[in-house]
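Reader: I should like to learn how the descriptive terms for a protein model are justified. May we go through them one by one?

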Amino acid sequence: MTRLRHRPALDVRVEIRGELPREDAEYARARALVTATALGPDTHALRLRLTRTVSGDRWLSRPALVQVDVELEDAGPVRVQLATGTARESVDLVLGTLTGRVVRLREQGDIGFAATYESAYRPQYVDRPLARRRIARHKTVVLATRTPGQAARELLALDRRFHLFADAATGRDSLVHRCPLSGVVEPCAVGSDAVPPLDLAEAARRLWLTGRPFVGYTDIADERLRVLYRRYDGHYGLIEPVSGRRNGAGTQSARD
């Protein structure tokens with residue numbers, strides 16, 4: 001007897017943040033479903049988040065931010081985050097970019113450096129006054145064991161500025177990050193000059209003075225890696241590794 005295999009229903013979810021016309025929200029949902037279907041039968045899930053910046057931040061020229069994450073059976077996770085002036089333009093741009101990167105990932109094994117330069121559609125930071133900034137997200141994570149090369153490939157596939165991992169050779173807390181001007185991906189680890197020993201207050205001061213997207217440092221209390229980073233809402237985020245099983249998908253990166 002022949003048994004028919006049925007493809008499970010696509011898991012497509014769309015999250016809307018901020019005020020948005022109903023027609024634009026429906027458009028985002030329809031385009032997300034079409035894209036997930038077109039990516040093929042090994043697409044397990046697609047998540048699209050559309051954020052419309054509140055009216056108090058009208059100075060932003062690209063207030064419509066879209067992030068899309070997809071999980072592929074043959075290639076793993078892929079993520080794209082871009083922003084434009086309108087919701088529909090952002091949805092079309094981010095889903096088209098996602099499709100192109102998935103095709104390259106399947107054909108060549110990586111997305112190359114297509115995502116490493118500072119895109120003209122990179123989301124903008126809200127210019128929040130210094131006195132009103134706070135750590136809006138404090139996340140503790142168990143780092144996955146990776147080689148620097150594996151971590152670099154994950155960084156590019158996930159379209160992020162930095163990526164934390166435990167070095168497979170040394171076991172040390174490490175990170176890879178993109179250089180803003182050249183797009184080159186560079187590794188660094190606890191104990192190196194690139195992640196100096198600091199406390200949180202000094203890390204925040206350096207983040208403010210330099211205007212960089214993030215500051216990686218070695219915490220002076222426990223000598224483990226920390227990353228303090230700028231969020232697009234104008235606040236800060238903090239990532240702190242903790243002890244635990246170092247396998248699987250525990251590697252962490254900046255999400256906003």
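**Terms and their grounds**

Author: Arg101 has a relative accessibility of 10% and therefore counts as buried, since buried means under 20% relative accessible area, exposed over 50%, and partly exposed in between (1.4 Å probe, protein chains only). This is a predicted model, in which local features need pLDDT of at least 70 and side-chain atom pairs count only at pLDDT 80 or more, while totals for chains, interfaces and linings use all residues. Residues are numbered from 1 along each chain as its sequence is written, and side-chain values use heavy atoms, with hydrogens and water left out.

Reader: What makes the contact between Arg101 and Asp159 a salt bridge?

Author: A salt bridge is a side-chain nitrogen of Lys or Arg within 4 Å of a carboxyl oxygen of Asp or Glu. The closest N and O atoms of Arg101 and Asp159 are 3.5 Å apart, so the pair satisfies the rule. Arg101 is in helix α2 (residues 87-108) and Asp159 in the loop between α3 (148-157) and β7 (162-167), 58 residues apart, so that the pair links distant parts of the chain. Helices (H or I, at least four residues) and strands (E, at least two) are DSSP runs, numbered from the N terminus. Arg101 and Asp159 also belong, with Arg122 and Arg178, to a network of salt bridges.

Reader: Why is Asp159 called buried or exposed?

Author: The relative accessible area of Asp159 is 3%, which is why Asp159 is called buried.

Reader: What is notable about the phi of Asp159?

Author: Phi of Asp159 is near 55 degrees, a positive value in a residue other than glycine. Most residues other than glycine have a negative phi. Glu223 likewise is not a glycine and has a positive phi, of about 60 degrees. Glu223 lies in the loop between β11 and β12 (225-230), and its relative accessibility of 59% is why Glu223 counts as exposed.

Reader: Which residue does Arg205 meet in a salt bridge, and where do the two lie?

Author: Arg205 meets Glu202, with the closest N and O atoms 2.9 Å apart. Both lie in helix α4 (residues 200-210), three residues apart, about one turn of the helix. Arg205, at 43% relative accessibility, counts as partly exposed, and so does Glu202, at 21%.

Reader: How do you know that α1 and α2 are roughly parallel?

Author: Helix α1 (residues 22-38) packs against α2 at an angle of about 10 degrees, with the axes 10 Å apart. Axes are lines fitted to C-alpha atoms, for helices over the stretch in contact, and angles run from 0 to 180 degrees between N-to-C directions. Angles under 35 degrees count as roughly parallel, over 145 as roughly antiparallel, 65 to 115 as roughly perpendicular and the rest as oblique. Therefore α1 and α2 are described as roughly parallel to each other.

Reader: Which residues of α1 and α2 meet?

Author: Contact means heavy atoms within 4.5 Å. Among them are Tyr27, Ala28 and Arg31 in α1, and Val91, Asp92 and Leu95 in α2.

Reader: Why is Thr218 called buried or exposed, and what is Thr218 in contact with?

Author: Thr218 has a relative accessible area of 8% and is therefore buried. Thr218 belongs to strand β11 (residues 214-219). Leaving aside neighbours within four places in sequence, the contacts of Thr218 include Val190, Pro197 and Glu223.
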